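Biologist: I have a new model open on my screen, and I would like to learn how to read it. Could you walk me through it?

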Amino acid sequence: MSSVIHAENVSFAYDDQVVVDDITLSVSKGDFLGLIGPNGSGKTTLLKIMLGLRQPDTGSVELFGTPASEFTDGTRLGYVSQQSSEADSMMPVTVREVVEMGRYPHVGIRRLTEEDQEIIDNALAKVEISDLADRRISRLSGGQKQRAYIARALASEADLLALDEPTVGVDAESVDQFYTLLDDLNESGITIVLIEHDLGIVTEHADMMACLDCELYEHCETGKFLESDALERAYSSARVLKSAGFATGD
Amino acid sequence: MSTEWVKNWNPAVGLLAGIPFLLVGFYIFVYVLFPPLFESFWGATCGTVDTWLVCSGFLQRGFTAGILIGITAPIVGTYLVNRQMALIGEALAHMAFGGVAIGLFVGAAVPSMDYPLLFALISATLAALVMQYIAIKTDGYADIPIAIMLTGGFALGVAVISYGVTFHSTVDSYLFGDILFVPFENVQLMVGLTLLVIGAIALTHKQMLFITFDREAARLARINVRFYDTLLIILTALVVVAAMQIIGAILVAGMLVIPVAAAMQVTNSFNRGLLLSILLGQVAVFVGIFLSAEWNIATGAMIILVAIALYLWTFNVTLGSVVILAAIFASLVSWNLAVGVSFLLAVIAIFSLVRLR
């Protein structure tokens, strides 16, 4: 199995606060990796480092075998972020226009062709939002919006899909459908890295789990993971207890 | 490594390589093709309509400049507004005003350098680059550099003017705009700038839209966000300098923002919004110029007021209708049927667009 992401001894700190400490982690082609950990455990930062959006202070990251900072084939990466940026809550842009953006890295400065349009149609159909194509994206529900972002990743023909807590604020029924869609995409060969706070649902769908709190506690198959004590260790670490203490004020 | 660099900067390199050809093309169009085109268009218009509004050389040049502003300002404005950078045009306009002041000062001393718009172009572009640099290098709120540039540019302009000897009427024409003050070479300059803006946006619209909507995802798709940000802010500087002659440094931002704000109210699509904002910009320019000629009111101010009336109308049909009806009534009473009719046509056109959304 070839490695899609390979991070080696990666560390990152905001000023003097270390949020990612010497983490080594590989994601293989076809994996469905669930990334969990307490609040502020550096999950999002690690994900951004792995995608080359941030430079680690020390250590190295390879994406598809190329150093992440030099990786130029943006078409292979799809990203669904934490719920709604400010722009998508105001900006007049239709669902179809958002999905078209997935083709932009492919076409550069030339126009979208018939073939591009077909790929966009298929992406919309795949996530079952064809009927919403002309709606303003800000008027969709949380679940529909996230589907649109998945469609954008599909339109770019990404083979790595990274999701950062995609189902925050999405109703339970839509969450189930959303994960069914992810399973489906994973089966068709797309590698998925997912940050999720809902442990129950992520262990149900992901085939690999990684648990971190600044450092990596465990990275293995989901079955083994549930038998290990990684969660207990991560969520009872000194860091977490300290911040919880602050939060409750005792 | 070197090939990686080329790949990273592909759009930039492509654009840079095209510049010499582009310049030659520009030169030919602006200096060889445009003047006879201008003559024959206004000659024909004057021949058919035959009112002083289209037959006076002053107004012909003013109209042409206005039409060009009505195209370019809403184009760049559409991206700016959706990036919450609505006031950046105002800051650049004030810096351009500082440049005009320096240009007038230098021009008074060295007659061969008497071309204030060139100074405006340089100072606005420099300001754009500095602002981009500050945005990258500092952690502060985005409106801080805007506020500093906005006041700083004006302070510079006022300081230079108070030191040198300048005619107030000349300064006023750059501050508030003056449609009767557009020499033909400035129209030519504007044609060149308009072509540049349209060409650049036609090539990079997709990347600009992607970055405007979702910066992080655009970076992930390995779009060179910094390059396109810099391009947009430079284009904005060009548009602002071009628009300053008619609208005036103080009111320029209105043309970048108001037609876009109005278009955003009535459409769900970014691309349609872009086109509609150009259309609304044209209506504002045409009606504004007509009314300013009719009522003897400053043109820049009238254009902005008409744009706001259009915005109110898309925002709240009743309120807007009252404003527009009042304007129509006044224009009919006072004589010029053409004004009233053009107004009515504009209203009908926009109304049908609203219905068709």
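Modeller: Let's go through confidence, then the contact between chains, the domains and some helix pairs. Keep in mind that this is a predicted model.

Biologist: Then let me begin with confidence. What pLDDT does chain A average?

Modeller: Chain A averages a pLDDT of 80, and 88% of its residues score at least 70. An average hides local variation, though, and in chain A the highest confidence is in helix α3 (residues 95-100), at a mean of 90, while the lowest is in helix α11 (residues 238-248), at 53. Over residues 245-250 of chain A the pLDDT is below 50, and that stretch has 1 contact in the model beyond near neighbours in sequence.

Biologist: How should I treat a stretch like that?

Modeller: Where pLDDT is low, the predicted coordinates should not be read in detail.

Biologist: Now the contact between the chains. How many residues does it take from chain A and from chain B?

Modeller: Chain A gives 26 residues and chain B gives 27. On the chain A side, at least two residues each come from β6 (77-80), α2 (87-90), α3 and α4 (104-107). Sorted by class, that side of chain A has 13 nonpolar, 7 polar and 6 charged residues.

Biologist: And chain B, into which domains is it divided?

Modeller: Domain 1 of chain B covers 21-250, and domain 2 covers 257-357. Their contact takes 23 residues from domain 1 and 20 residues from domain 2. The elements giving two or more residues to the domain 1 side are α4 (57-82) and α11 of chain B. Of these, α4(B) supplies the largest share, 13 residues. The domain 1 side divides into 15 nonpolar, 8 polar and no charged residues.

Biologist: Let me follow α4(B) further. At what angle does it pack with α13(B)?

Modeller: The angle between α4(B) and helix α13 (residues 270-295) of chain B is about 150 degrees, and their axes are 8 Å apart. An angle over 145 counts as roughly antiparallel, so α4(B) is roughly antiparallel to α13(B). The crossing is right-handed. Among the contact residues are B:Gly62, B:Gly66, B:Gly70 and B:Gly77 of α4(B), and B:Gly273 and B:Gly281 of α13(B). By class, this contact has 12 nonpolar, 9 polar and no charged residues.

Biologist: α11(B) came up with the domains too. How do the axes of α11(B) and α6(B) cross?

Modeller: Helix α6 (residues 116-137) and helix α11 (residues 225-247) of chain B have axes that come within 9 Å and cross at roughly 150 degrees. These two helices are therefore roughly antiparallel to each other. α6(B) passes α11(B) in a right-handed crossing. Their contact includes B:Ala120, B:Ala124 and B:Met131 of α6(B), together with B:Ile233, B:Ala237 and B:Met244 of α11(B). The contact residues divide into 13 nonpolar, 4 polar and 1 charged.

Biologist: Can we finish in chain A? At what angle do α5(A) and α6(A) pack?

Modeller: Helix α5 (residues 114-126) and helix α6 (residues 142-155) of chain A pack at an angle of about 140 degrees, with axes 8 Å apart. The pair is therefore oblique. α5(A) passes α6(A) in a right-handed crossing. The contact is made by A:Ile119, A:Ile120, A:Ala123, A:Leu124 and A:Lys126 of α5(A), with A:Ala151, A:Leu154 and A:Ala155 of α6(A). Those residues divide into 7 nonpolar, no polar and 1 charged.

Note on methods:
Residues are numbered from 1 along each chain as its sequence is written. Chains are lettered from A and ligands numbered from 1 in the order in which they are written. This is a predicted model: local features need pLDDT of at least 70, side-chain atom pairs count only at pLDDT 80 or more; totals for chains, interfaces and linings use all residues. Axes are lines fitted to C-alpha atoms, for helices over the stretch in contact, and angles run from 0 to 180 degrees between N-to-C directions. Helices (H or I, at least four residues) and strands (E, at least two) are DSSP runs, numbered from the N terminus. Angles under 35 degrees count as roughly parallel, over 145 as roughly antiparallel, 65 to 115 as roughly perpendicular and the rest as oblique. A crossing is left-handed if the near helix is turned anticlockwise from the far one by less than a right angle, and right-handed if clockwise. Two residues are in contact if their C-beta atoms, placed from the backbone, lie within 7 Å. Ala, Val, Leu, Ile, Met, Phe, Trp, Tyr, Cys and Pro count as nonpolar, Asp, Glu, Lys and Arg as charged, and the others, Gly among them, as polar. pLDDT is the predictor's confidence in each residue, from 0 to 100. Domain bounds come from an automatic or database domain assignment.
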